[in-house]
Amino acid sequence: MSALFEADRLQMRFGNRIVLEDITLRFGPGELCGIMGPNGAGKTTCFNVLTGRYRPSRGQVRLDGEDITGLRPHEIARKGVSRSFQIMNLFNDFTARDNIVTALPGLRRRGFDVSHAVAANSAFADQAEVLLERVGLAGKGGVLARSLSYGDRRALEIGVALAAAPRILFLDEPTSGLGSDGTARLAALIGSLKGQLTIVIIEHDMRFLFSLADRISVIHWGQVLAQGTPQMLRDNEWVRNSNLGKLQ
Amino acid sequence: MDKDSRDSSRLVTPAMLGFIVLLCTLPLWIGKVGLYPYLGIEILIWALYALSFNLLLGYSGLPSFGHGAYFGIGAYAFGLFQHNIVPSLWLCLMAALGAGLVAGAMVAAFISHRRGIYYAFMTIAFGQVFWVVAIKAHSITGGEDGLLRIARLPADFGFANIDLADNTALFYFVLAIFALALIGLWRLVNSPYGRILQAIRQNETRAAFIGHNVWLYKFTVFSLSAGLSALAGGLFAMAQTSAFPDVMSLHYSGYVVMMTLIGGGLVSFWGPVIGAALFLLARDIIGAVTTGWMLWFGLLFMAVVLFKPEGVAGWWQGLRQRTAGMSGNATGFARLRALLGGRA
């Protein structure tokens with residue numbers, strides 16, 4: 001299978017500290033991949049390298065065969081790579097609708113247009129409405145992002161990431177801070193997106209990940225320790241012996 | 001569509017129209033309330049300056065604390081252009097605008113990767129550089145003696161040539177430019193460009209990761225703000241028929257920050273206009289009673305920053321509507337904190 005997104009032998013060091021030792025990952029089109037690993041394993045750093053926040057000390061990142069290593073975050077984003085963050089990252093002073101509108105490629109392409117008001121553009125509002133509905137926020141478009149409930153904010157984050165019309169979506173601990181109801185709602189949302197685009201999820205909630213993912217990679221000590229289908233990982237000895245594997 | 005989004009898609013809002021009409025009548029009554037037409041000119045010029053400044057502070061969340069430099073550069077450019085190149089009002093104003101744009105772009109090129117307190121310090125440092133140059137380059141700027149004999153050039157429209165030597169005529173001319181800038185800035189802040197600036201203020205990281213070139217937005221808005229401030233400076237040189245380095249100093253740079261914050265620039269488009277008017281009225285009215293007027297105004301500024309960072313405009317909004325979610329006061333505090341916090 002030809003991969004949509006490839007990371008080849010990534011190394012990331014900060015001074016003397018090597019956070020990513022040697023990471024090779026492949027994500028195919030339409031795949032839903034999980035990344036798991038203990039705290040401090042380098043999962044978020046890995047995302048930061050893949051999406052351009054950090055330039056890797058060594059190795060290559062390719063999107064659809066094109067080398068995107070070292071491009072700046074907005075350049076990578078424009079090529080169709082979108083992400084959410086572990087810590088909530090929304091435009092809190094904007095309404096839910098405006099959060100989405102701000103991420104639309106149509107608005108981005110007209111970013112230096114000062115001749116039209118955003119509010120006068122009904123196409124933006126319509127697109128935003130569709131996306132709000134898709135993430136389960138229909139009817140909440142006019143609420144300020146900061147006034148939304150925690151679960152709604154998590155859903156809006158995914159909405160913002162989707163609004164950029166990505167080919168691949170990286171979600172960094174989307175369920176963090178959510179209760180079981182919220183997690184179930186988010187699982188349903190991500191399940192509904194499955195197959196439409198490539199999704200990569202960092203997650204601590206193993207039940208969540210194992211029920212959704214096609215493939216899972218286990219990262220520890222800056223390396224990929226194991227990867228495969230959820231079933232293969234259940235059978236993997238290392239995973240079984242670590243507390244990551246204590247699933248059921 | 002609610003009232004806010006209806007207003008934001010209008011070229012001219014009813015409030016704007018009412019305000020401009022009111023200003024048109026100002027020369028008729030300003031003498032009767034014990035003030036004088038020149039004050040009207042000053043208020044408009046400082047309001048234009050503060051509006052340009054607030055593109056950075058209130059909309060983009062960029063603390064520029066040496067902004068007097070660009071106001072002063074505009075004043076000198078206006079004077080030097082008419083003395084040395086050609087005494088045409090339009091070209092002199094263009095020269096002021098252009099000089100501000102260029103100076104702003106030069107500085108912005110060095111600071112646009114920064115935010116928060118680092119950004120603030122670097123704007124102060126660059127502002128001081130321009131101020132020292134203005135004082136030391138005696139042969140060009142006249143040093144601390146100032147650049148004198150700057151003429152109030154006539155406005156030549158081709159079909160008519162209007163003399164602006166009189167304060168009332170100059171008031172209407174400045175009002176026309178102010179009104180154009182007001183309309184232009186209103187459209188700008190509500191356009192995709194303005195929307196992205198506000199997104200950058202709230203969350204630079206998120207803005208970059210949805211594909212916006214944050215550096216370029218910060219670079220252009222700083223240049224634009226500097227250019228418009230310089231245009232205000234050019235008008236100021238014309239109004240006082242001279243240009244001095246003091247407007248470029250750190251404490252004059254502080255005035256525009258005070259105006260913008262007291263007026264409510266953090267939460268309102270109109271904040272800088274309200275603040276500029278309050279500041280100059282306080283100077284004249286409190287100043288008539290005591291030469292220490294700045295003590296009282298300074299205390300007022302401290303009270304605003306400590307208790308009401310949403311300023312006069314935010315306070316007024318709060319009276320009119322109890323908005324859902326966060327109060328204007330909490331919004332004011334959050335934005336003030338974010339300005340210097342430099343949150344990632």
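## Chain A as a whole

How many of the 248 residues of chain A count as buried? The share comes to 46%. Keep in mind as you look around that this is a predicted model.

Chain A is built with 10 helices and 10 strands. Its radius of gyration is 18 Å, close to the 18 Å that the globule rule gives for 248 residues, so chain A is as compact as a globular protein of that length. Line the C-alpha atoms up along the principal axes and they fill a box of roughly 60 × 40 × 35 Å. Now take the contacts in chain A with a separation of 6 or more: 65% of them join residues 24 or more positions apart.

## Two domains in chain A

Chain A splits into domain 1 (1-80 + 166-178 + 194-248) and domain 2 (90-165). Notice that domain 1 is written as three stretches of sequence, while domain 2 is a single one. Measured out over C-alpha atoms, the domain centres are 27 Å apart. Where the two domains touch, domain 1 of chain A gives seven residues and domain 2 of chain A gives eight. The domain 1 side of that contact has six nonpolar residues, one polar residue and no charged ones.

## Where chain A meets chain B

Next, the two chains together. On chain A, 30 residues are in contact with 26 residues of chain B. Three helices of chain A each supply at least two residues to this side: H2 (73-78), H3 (96-103) and H4 (105-109). The largest share is from H2(A), with four residues. Sorted by class, the chain A side has 14 nonpolar, nine polar and seven charged residues.

## The nonpolar core

In soluble globular proteins, nonpolar side chains tend to be buried together. Here, the largest nonpolar core has 177 residues, and Ile45(B), Ala47(B) and Phe78(B) touch the most other members. This core also takes at least three residues from each of the two domains of chain A.

Try zooming in on Phe78(B). Leaving aside residues up to four places away in sequence, Phe78(B) touches several residues, among them Cys92(B), Leu93(B), Ile150(B) and Met238(B).

## Strand E9 and its neighbours

Strand E9 of chain A (residues 215-220) is mostly covered, with five of its six residues buried. E9(A) pairs with strand E3 (residues 32-36) of chain A, running parallel and joined by four bridges. In that part of the picture, Cys33(A) stands opposite Arg215(A) of E9(A).

E9(A) also pairs with strand E10 (residues 223-228) of chain A, this time in the antiparallel sense over five bridges. Ser217(A) has Gln227(A) in E10(A) as its bridge partner. The hairpin of E9(A) and E10(A) has two residues between the strands, and Trp221(A) in this hairpin takes a positive phi near 50°.

## Two more positive phi values

Most residues other than glycine have a negative phi, and most peptide bonds are trans. Glu173(A) has a positive phi, near 50°. You can find Glu173(A) in the loop between strand E7 (168-172) and helix H7 (180-193) of chain A.

Arg149(B) has a positive phi near 50° too, and sits in the loop between helix H8 (138-141) and strand E1 (155-156) of chain B. Which of these residues is buried, and which is exposed? Glu173(A) is buried, because 20 other C-beta atoms lie within 10 Å. Arg149(B) has 9 other C-beta atoms within 10 Å, so it counts as exposed.

Terms used: Residues numbered from 1 in each chain as written. Chains lettered and ligands numbered in written order. Predicted model: local features only at pLDDT ≥ 70, side-chain atom pairs only at ≥ 80, totals over all residues. Nonpolar A, V, L, I, M, F, W, Y, C, P; charged D, E, K, R; others polar. Domains from an automatic or database assignment. Rg over C-alpha atoms; globule rule 2.2 N^0.38 Å. Buried ≥ 20, exposed ≤ 12 C-beta atoms within 10 Å, placed from the backbone. Core = buried A, V, L, I, M, F, W, Y, C linked by C-beta atoms within 7 Å. Pairing = 2+ DSSP bridges.
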